[in-house]
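User: Hi! I'd like to go through the reasoning behind some labels in this model. Could you set each one against its definition?

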Amino acid sequence: MAPVAQPKVRSRKDGSAIPLDDTDRKLLNLMQGSFDLVPRPYAHVAQLAEIDEADLMQRVQRLLDGRIIREITPIFDTRALGYSSMLVAAKVDSENPHRAAKIINSHPGVSHNYLRTHEFNLWFTIATPPDSQLGLEGTLVLLQRLTGAESIRQLPTLTLFKINMNLEMQGGTEDLAASVDAAPPRELERQPYDDTDIAVIQALQGPMEVTDRPYDAAAAETGMSTDDLLTHLAGMVDRKLLRRVAAILYHRRAGFSANGMGVWKVPEAEIMETGRHMASFRGISHCYQRPTYQDWPYSVFTMAHGRSKEECDAILDGIAETHGLHGDDRAVLYSSTEFKKIRLHYFTDEYARWEAENS
């Protein structure tokens with residue numbers, strides 16, 4: 001049997017890569033979920049954090065420079081925009097997985113790529129645009145040939161219970177393992193959009209500068225007033241095209257050095273209720289129903305993030321106890337290397353260029 005990657009154990013003084021005080025942690029929580037569609041969103045966050053707007057912006061810039069915050073960006077819905085996407089598990093050469101990872105990372109639609117503790121050792125998410133000549137299936141066939149992967153298992157999302165990479169920066173393990181209100185499963189079908197939506201996405205996607213009026217530049221690029229742009233963005237939220245605008249953190253540098261993918265063997269008749277409840281755990285960022293295979297019986301996937309492996313285990317053990325899933329009913333795959341983690345950019349020519357260069 002090929003050697004299986006082992007999780008790396010990281011330890012940081014005070015948890016994060018740079019010192020964080022209580023105000024930093026509070027504003028990091030707020031920036032992940034309360035960066036509103038208003039002309040001066042930093043003023044709104046500052047009011048919630050009970051500090052001055054200028055102080056908050058200075059702190060945010062420091063956290064960007066210190067690589068605690070990866071970027072502040074809109075988070076668009078890939079499926080709603082008509083992009084085909086899925087999680088893929090690949091069995092690649094365990095002696096040199098970096099070669100395969102480099103090839104996979106070259107595709108602009110690969111947003112996450114991790115080496116994990118399993119025979120299927122390379123796990124990545126990939127998306128292809130509506131006008132892709134290869135399509136998702138053809139792209140995966142090509143990637144398998146280019147990487148020499150022994151096997152590729154397609155794990156598309158059948159039901160999306162939760163996607164919210166929102167790290168709890170103030171609370172402890174008990175907060176991460178606590179349950180909050182469960183949201184209904186999210187729709188996955190393509191939603192209608194037009195040329196104005198595309199222009200707004202092209203103008204706004206990517207890192208946003210720390211300025212008191214961060215939406216002004218995109219408004220000017222699209223020929224809109226800022227108020228009109230914000231009204232349009234609110235409509236995109238209603239139409240499921242835009243989830244939110246938020247700070248995305250470097251989770252390891254923010255002190256969350258472990259992430260465990262908990263997978264669960266849930267009876268078919270119980271998947272909807274169980275998945276919805278698993279998604280309600282604060283420490284779970286992603287929860288999906290995915291297809292099963294003869295050698296892969298796990299139908300529900302949950303991604304847990306913690307400050308240590310033990311904290312991830314506590315979150316997943318809490319789920320196991322709640323639902324009586326033990327032994328062969330569950331497994332946990334830890335990441336040992338992060339090969340890629342980015343926000344996707346939409347409606348660019350990078351996809352067509354990659355296909356032309358690699359087909």
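User: What makes helix α11 one that lies across β8, β9, β10 and β11?

Analyst: Happy to help! Contact means heavy atoms within 4.5 Å, and helix α11 (residues 309-323) lies across those four strands, β11 being residues 330-341. Helix α11 runs at about 20° to β8; axes are lines fitted to C-alpha atoms, for helices over the stretch in contact, and angles run from 0 to 180 degrees between N-to-C directions. Helices (H or I, at least four residues) and strands (E, at least two) are DSSP runs, numbered from the N terminus. This is a predicted model, where local features need pLDDT of at least 70 and side-chain atom pairs count only at pLDDT 80 or more, while totals for chains, interfaces and linings use all residues. Residues are numbered from 1 along each chain as its sequence is written, and side-chain values use heavy atoms, with hydrogens and water left out.

User: Why is N105 called buried?

Analyst: Buried means under 20% relative accessible area, exposed over 50%, partly exposed in between (1.4 Å probe, protein chains only). N105 has 17% relative accessibility, so N105 counts as buried. This residue lies in helix α4 (residues 97-105) and touches V110, N113, F339 and K340, leaving aside residues up to four places away in sequence.

User: How do you know that β2 and β5 pair?

Analyst: Two strands pair if DSSP finds at least two bridges between them. Five bridges join β2 (residues 84-91) to β5, and the two run antiparallel, so by that definition they pair. L87 stands opposite L155 in β5.
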